[in-house]
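This report concerns a structure with more than one chain. Please have the sequence and the coordinates at hand while reading.

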Amino acid sequence: MGLMDALSGWLRQVIAVILLASLIDLILPNRTMQRYVRLVAGLFILMTVATPIMHWLKGDFGGKLAAGLQSVERSPGDAERELAMIEEEGAKLRDSHLAQAEKLVAARLESEIRGEVEQEGRRSVRKVDVKLARERDGALKVAQVVVELELADPEAGTGGGTQKVPVRDIEAIADVDIEIRAGSIGSADRDLPVSGRESGDRAAAAREDRVDRETRTRIAALVASRFGIAADIVVVKLPATAAERN
Amino acid sequence: MDILQIVGIGFLATVLILVIREQKPMFAYLLAAFVGVAIFLAFVGKIDGVISVLEELAERSGIPSVYLKTMLKIIGVAYIAEFGAQIVRDAGLESIATKIEFAGKMLILVMAVPIISVIVETVLNLLPA
């Protein structure tokens, strides 16, 4: 059946090409061109008739013929334009590869820093953001590392993070937050009467501040030493209240 | 109906040209060229139907689209070369008209070169080395 199908397809092609050639012969404007057009049409018919032999001799003669016909159509100007287009496409591809690599590097670095801070710094990390910059020679460089820490009790920053006792203190500090703003606004007028509880709150706030600063420096130093990043481009952000004061 | 209009325009243009030619041969030539271009452009669109039939035929019978494209290009080259040559011939410059026709023939032959090369290659492959 396969042979019969191939044969009928071939016959159909031959008939179609002959019809096409006769139609084109009919359309032609005058006799001067007729001989030339007949030559080309005859070559086409010959090609179609010989298609099975050509397929038998070598696989892809159709592709070769198409390439040849297209190359005849192209003028040198076209070739230049095409080259420019190909080059542009290559540049675009290269850029996208670089961007992808950059993203990959940033993601790897972020996960490593997160792991390191969580393991060594004993603070849980909300988010690590690594910003990369490209130097003039094309090499990648870390421009900034932002480490956002999760909210944690102040003692957990310096001591063991598993202490349960200071949870009570957090409730007390929650009150203090309001007082801190009042204190920071009114920091100029120290002579205002301050109740004993307020002064205790202020001391707690100062202690918290110190702890925060310590945590920040500690984590920045950790990241800087582990990953060989300059410490001044490592930004450690503590949870909201501390970050505002920053 | 179209053909009556075309014949009418052609007839009118011929009479006008014959009258003007006595006084100003230059304008007679310009008028001839203009009428020729106008008729050609008005009816070159009609070839669209023929071409679509050819395309359908090629698609249904499964002949490579390269064949049809090349043949249509050949027809286009033949028409344009013929048209230009006739306008120039109207002005009495037979030599230039011949050159235009020559250019058209060359372009048609250039299109045949890849086919010829493929056939020759096949024939050479058929022969025992």
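How far apart are the end C-alpha atoms of helix H1 (residues 2–23) of chain B, and what should its 22 residues span at 1.5 Å a residue? The model is a predicted one. In it, the end C-alpha atoms of H1(B) lie 32 Å apart, and this agrees with the expected span of 32 Å, because each residue should contribute 1.5 Å.

**Chain B**

Chain B contains five helices and zero strands. Along the sequence its pattern therefore reads α-α-α-α-α. Of the 129 residues in the chain, 19% are buried. H1(B) contributes zero buried residues out of its 22, so this helix lies largely in the open. Among the contacts in chain B between residues at least 6 apart in sequence, 41% join residues at least 24 apart.

The UniProt record, an unreviewed entry, places the feature "transmembrane region" at residues 6–21, 28–47 and 106–127 of chain B. Two of these stretches are described in the table.

| Stretch of chain B | Helix | Strand | Distance between end C-alpha atoms |
|---|---|---|---|
| Residues 6–21 | 100% | 0% | 22 Å |
| Residues 106–127 | 95% | 0% | 31 Å |

**Contact between the chains**

Which elements of chain B give two or more residues to the side that touches chain A? In total, 35 residues of chain B are in contact with 37 residues of chain A. The elements that give two or more residues to this side of chain B are helix H3 (47–61), helix H4 (65–90) and helix H5 (94–126). H5(B) supplies the largest share, 17 residues. By type, the residues on the side of chain B that touches chain A comprise 25 nonpolar, seven polar and three charged.

**A sheet in chain A**

Chain A holds an open sheet of three strands in the order E1-E2-E3, with mixed pairing. Strand E1 (125–134) and strand E3 (234–237) of chain A are the edge strands, each pairing on one side only. From one strand to the next, the twist averages 15°.

In general, the strands of a sheet pair through backbone hydrogen bonds, in either a parallel or an antiparallel sense. E1(A) and strand E2 (residues 140–149) of chain A pair in the antiparallel sense, over nine bridges. Within this part of the sheet, Lys131(A) has Gln144(A) in E2(A) as its bridge partner.

Note on methods. Residues numbered from 1 in each chain as written. Chains lettered and ligands numbered in written order. Predicted model: local features only at pLDDT ≥ 70, side-chain atom pairs only at ≥ 80, totals over all residues. Contact = placed C-beta atoms within 7 Å. Helix = DSSP H or I, 4+ residues; strand = E, 2+ residues; numbered from the N terminus. Nonpolar A, V, L, I, M, F, W, Y, C, P; charged D, E, K, R; others polar. Pairing = 2+ DSSP bridges. Axes fitted to C-alpha atoms, helices over the stretch in contact; angles between N-to-C directions. Expected span 1.5 Å × (residues − 1). Buried ≥ 20, exposed ≤ 12 C-beta atoms within 10 Å, placed from the backbone. UniProt positions renumbered as here; feature names shortened; annotations may be inferred.
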